[in-house]
Amino acid sequence: MLTKAPKGTKDVLADQSVKWQYIENKFREICGRYGIRETRTPVFEHTELFQRGVGDTTDIVQKEMYTFEDHAGRSITLRPEGTAGVVRSYIENKRYAGVKPEKVFYNIPCFRYERPQAGRLREFHQFGVEFFGSDSMMADAEVISLAMDFFEELGVGELELRINSIGCPECRTRYRKALQDFLRPHLDELCETCQSRFDRNPMRILDCKDPKDQEKVQGAPVMLDYLCEDCSRAFEELKANLTAIGIDYTVDPGIVRGLDYYTKTAFEIVTGTIGAQGTVCGGGRYDGLVEELGGPATPGIGFGLGIERLMIVMEATGAFLPEDPPTDLFIAFVGEEAKMFAQKLTHDMRKQGFRVMSDIAERNVKGQFKYADRVNSRYTVVIGEDEIRSGELTLKHMESGEQKKIRLEDLTTVLGEK
Ligand code: ATP
Ligand code: MG
């Protein structure tokens, strides 16, 4: 147990982190272009927030939350997703009194007690975006185009954008009844969870992962046929906006976010390249959520994007992922005096912005050179008594093996040349 990480978690090792940073920087950079600023909220929240904000008929709340009591007996939950916490923060900090729309992004770990498999972890990471205060479909199109830009600029191909509308509480009342009528004859064949959803939230049944249940919902009525005039117009506007930007999409009536406060736009970005866990991004509009959680009625739209899944897709499709940058200079040393000199030189060069290494394990010269190779150094130099006296260094270019004599004071100039 001691040296085994909990099931469903994954370390990011030192030689992988550069790939994460590359993806994170790209996301941050694109958000900047869209005028979206970062928000940071706690890893844990009051359990009630997720029960209300995610919905207590969802798989997340019913089966997947990491919930515990703190020492004062409060029920606390590690966040299973990002939206609820961001909405809580929006309300608590009265952000609705500020500039509208408020556009925020986040980069967070999430926790769900799921069955671990490829692309499905118990601790995973999400990028997310939330916009508050615009009910225009321009907001939906912007959120979607941001996600698409991100994938495109990372070189992730073969992605499909699927959009749907899940209506509003008004049109959903009629749909709900039609859906219940359709499901009623099969009710006792559905899984236990879905039976319990039948009265409170039948739309959730459409999203059940149980294959037997999936079979039963084949041919069920679709929300798109029940949209009210307002929702129907909004969906047409969304499509027109996407077309105007030049984003391809397919309409998928099967996309469900079956909660009363999720409204209108629902979308997924899916890849066929990695098998079952192919949804890399999911999002939609939640015009009722801010009010449901105690704030003033405020429309919202956002998405969550799984970083581990994105990485799997990038690796599977051969998209570019960076390696560690090389070390500019490796400073080897022979003898005690040279050791002191080398430490100072290493420090000075680092202060000037170069990536510099020396052997802090104090191996012999042969060992130091081996190490220089391992840290992929462009140049090496050996400091000994002669070098200290003469101020002249022999700089070795590691790849070509070429050596040249330079003055110590010219070192930065030479290294600065690429
Ligand atoms: P799925 O249908 O695959 O379970 P979901 O609907 O539960 O996904 P969302 O809550 O919309 O997913 O989360 C947004 C994104 O986060 C997903 O599209 C996916 O990329 C990622 N994600 C969700 N759950 C996990 C998990 N357990 N492990 C890794 N990534 C995940
Ligand atoms: Mg899930």
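This report describes selected strands, helices, loops and enclosed spaces of a predicted model.

## Strand E14 and its partners

Strand E14, which spans residues 377–383, is mostly covered, since 6 of its 7 residues are buried. On one hand E14 pairs with strand E12 (residues 327–333) in the parallel sense, over 6 bridges, and within this pairing Ala332 stands opposite Val382 of E14. On the other hand E14 is joined by 3 bridges to strand E15 (residues 392–397), and these two strands run antiparallel; here Thr380 has Lys396 of E15 as its bridge partner.

The approach to E14 also deserves a look, for Asn376 lies in the loop between helix H13 (365–374) and E14. Asn376 has a phi near 50°, which is a positive value in a residue other than glycine. With a relative accessible area of 42%, Asn376 counts as partly exposed, because that class lies between the 20% limit for buried and the 50% limit for exposed residues.

## Helix H1 and the second largest pocket

Helix H1 (17–33) has 17 residues and reaches 24 Å from its first C-alpha to its last, close to the 24 Å expected at 1.5 Å a residue. Its buried residues are Val18, Lys19, Trp20, Ile23, Glu24, Lys26, Phe27, Ile30 and Cys31, a list in which charged side chains such as those of Lys19, Glu24 and Lys26 also appear. An α-helix has 3.6 residues a turn, so residues three or four places apart point the same way. Among what covers the buried residues of H1 are strand E5 (102–111), E6, helix H5 (137–153), strand E11 (300–306) and H11. Just after H1, Gly35 takes a positive phi of about 70°.

The second largest pocket has a volume of about 300 Å³. It is lined by 15 residues, of which Lys10, Asp11, Trp20, Glu308 and Met311 are the closest to its centre. The elements that give two or more residues to this lining are H1, strand E6 (123–132) and helix H11 (307–316), and H11 gives the most, with 4 residues. By class, the lining of the second largest pocket holds 6 nonpolar, 3 polar and 6 charged residues. Trp20 therefore appears twice in this account, as a buried residue of H1 and as one of the residues closest to the centre of the pocket.

## Helix H6 and the loop before it

Gly167 lies in the loop between strand E7 (159–165) and helix H6 (169–183), and at 0% relative accessibility Gly167 counts as buried. Leaving aside neighbours within four places in sequence, Gly167 is in contact with Arg172, Met223, Leu227, Cys231, Tyr262, Thr263 and Lys264. Phe124, by comparison, is 43 residues from Gly167 in sequence and 30 Å from it in space, C-alpha to C-alpha.

Within helix H6 itself is Tyr175, which at 1% relative accessibility counts as buried. When neighbours within four places in sequence are left aside, the contacts of Tyr175 are Met203, Leu206, Pro221, Val222, Met223 and Tyr226. For one of these, Met203, which is 28 residues away along the chain, the C-alpha atom is separated from that of Tyr175 by 9.2 Å.

## The cavity

The structure holds 1 cavity of 30 Å³ or more, and about 60 Å³ of space lies in the largest cavity. The residues that line the largest cavity are Thr41, Pro42, Glu45, Phe50, Arg79, Glu81, Gly82, Gly85, Val86, Tyr106 and Ile108. Helix H4 (83–92) and E5 are the elements that give two or more residues to this lining, which by class has 5 nonpolar, 3 polar and 3 charged residues.

## Backbone exceptions in loops

Most residues other than glycine have a negative phi, and most peptide bonds are trans. Against that background, a cis peptide bond joins Lys100 and Pro101, with an omega of about -5°, and Pro101 has its place in the loop between H4 and E5.

Glu158 is found in the loop between H5 and E7 and has a phi near 50°, a positive value in a residue other than glycine. Glu158 counts as exposed because its relative accessibility is 64%, where the cut-off for this class is over 50%.

Notes:
Residues are numbered from 1 along each chain as its sequence is written. Chains are lettered from A and ligands numbered from 1 in the order in which they are written. This is a predicted model: local features need pLDDT of at least 70, side-chain atom pairs count only at pLDDT 80 or more; totals for chains, interfaces and linings use all residues. Side-chain values use heavy atoms; hydrogens and water are left out. Buried means under 20% relative accessible area, exposed over 50%, partly exposed in between (1.4 Å probe, protein chains only). Two strands pair if DSSP finds at least two bridges between them. On a 1 Å grid over the protein atoms alone, a cavity is a set of points where a 1.4 Å probe fits but cannot get out, and a pocket is an open set with protein on both sides within 12 Å along at least five of seven lines; lining residues have an atom within 4 Å of a point. Grid points are joined across faces, edges and corners, and a volume is the space filled by probe spheres set on the points. The expected span of a helix is 1.5 Å times one less than its number of residues. Contact means heavy atoms within 4.5 Å.
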